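Colleague: Could you take me through this model and tell me how each label was earned?
Modeller: Gladly; let us look at it together.

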Amino acid sequence: MQAPPRILIVCFSRSGTTRRLADRLAAILPADCEGIRERGDPRRRRGIRGFVRSLADVIAQRRADVVPTAYDLARYDIVVVGTPVWASCPSTPVATWLADHRNQLRHVAFFCSLGGRGSDKAFERMRASAGVSPLATCAVTAADVQSGHDHALLDAFAHKIRHRLSTLETIEWTM
Ligand SMILES: Cc1cc2nc3c(=O)[nH]c(=O)nc-3n(C[C@H](O)[C@H](O)[C@H](O)COP(=O)(O)O)c2cc1C
């Protein structure tokens with residue numbers, strides 16, 4: 001019998017939506033879950049000034065000063081990375097985290113929360129930063145959250161991750 005996959009979720013969230021999705025996904029999969037944190041004053045991304053700063057950071061493709069992840073990535077079969085969409089891109093802390101860890105990522109899956117537009121471009125940027133294609137992606141809009149459709153999206157995402165991992169494990173066993 002195959003052992004259950006070891007899954008880690010890492011995510012950044014400015015205003016809480018992506019983090020709530022991450023926590024729900026961690027309960028469904030199940031998975032360990034860690035927030036990507038920036039060094040310095042956490043208030044620098046809050047409010048209207050934080051919005052403008054975040055927009056400027058992502059447009060200028062600046063790096064964030066990200067606290068190292070506490071979990072050992074080598075212990076996991078897959079890392080699921082979650083981000084809010086900023087100007088059709090992954091948030092600056094997530095783009096930085098992916099670039100910094102690209103050599104440690106074997107399998108990945110991506111999810112994002114967004115107002116409504118830009119998830120495809122954001123996922124493509126995440127793929128380029130990670131240097132590896134995701135086994136699954138999931139975009140959750142504000143309308144999905146409002147209608148409760150986010151639950152079904154996360155269930156389907158979790159199912160796809162588990163299914164793809166088990167297919168890969170079977171292939172690796174037969175090689
Ligand atoms: C700087 C900035 C840029 C954004 N750009 C987009 C965008 O291009 N498309 C979109 O649909 N939503 C955009 N949003 C909305 C967020 O993606 C959305 O509110 C998200 O769910 C916030 O997640 P969070 O609560 O985890 O921070 C943007 C928000 C911010 C702060």
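**Pockets and ligand**

Modeller: This is a predicted model, and its second largest pocket has a volume of about 320 Å³. Of the 15 residues lining the second largest pocket, Phe-12, Ser-13, Ile-36, Glu-38 and Pro-42 are closest to its centre.

Colleague: What makes up the lining of the second largest pocket, by class?
Modeller: That lining divides into four nonpolar, three polar and eight charged residues. Glu-38 is counted as charged because Glu belongs to that class, with Asp, Lys and Arg.

Colleague: And what volume does the largest pocket have?
Modeller: About 380 Å³. The largest pocket is lined by 20 residues, and Ser-15, Pro-84, Val-85, Trp-86 and Gly-115 lie nearest its centre. By class, its lining has ten nonpolar, nine polar and one charged residues.

Colleague: Which elements supply at least two residues each to the lining of the largest pocket?
Modeller: Those are α1, α2, β3, β5, β6 (137-141) and α5 (142-147).

Colleague: Where does the ligand sit?
Modeller: The ligand sits in the largest pocket. That wording is used because more than half of the ligand's atoms lie within 2 Å of the pocket's grid points.

Colleague: How many residues surround the ligand?
Modeller: There are 19, the closest being Ser-13, Ser-15, Thr-18, Val-85 and Arg-117. Each belongs to the shell because one of its heavy atoms lies within 4 Å of the ligand. The shell has seven nonpolar, ten polar and two charged residues. At least two shell residues come from each of α1 (17-28), α2 (47-59), β3 (78-86) and β5 (108-114).

Colleague: Why is the pair between Ala-87 and the ligand called a polar contact?
Modeller: A backbone N or O atom of Ala-87 lies 2.9 Å from a nitrogen atom of the ligand. The cut-off for N or O pairs is 3.5 Å, so the Ala-87 pair qualifies. Gly-115 offers a polar backbone atom 3.0 Å from an oxygen atom of the ligand, and for Gly-116 a backbone N or O atom is 2.6 Å from a ligand oxygen. The ligand exposes 640 Å² when taken alone, and the protein buries 82% of that.

Colleague: What about the backbone: which peptide bond is cis?
Modeller: The one from Leu-29 to Pro-30, with omega near -10°. Pro-30 is found in the loop between α1 and β2 (32-35).

Colleague: And what is notable about phi of Gln-61?
Modeller: Phi of Gln-61 is near 55°, a positive value in a residue other than glycine. Gln-61 is found in the loop between α2 and β3.

Terms used
Residues numbered from 1 in each chain as written. Predicted model: local features only at pLDDT ≥ 70, side-chain atom pairs only at ≥ 80, totals over all residues. Heavy atoms only, no water. Polar contact = N/O pair within 3.5 Å; in protein donor to acceptor, adjacent residues only side chain to side chain. Areas by Shrake-Rupley, 256 points an atom, 1.4 Å probe, with all protein chains shown as cover. 1 Å grid on protein atoms, 1.4 Å probe; cavity = no way out; pocket = protein on both sides within 12 Å on 5 of 7 lines; lining within 4 Å. Helix = DSSP H or I, 4+ residues; strand = E, 2+ residues; numbered from the N terminus. Points joined across faces, edges and corners; volume = space filled by probe spheres on them.
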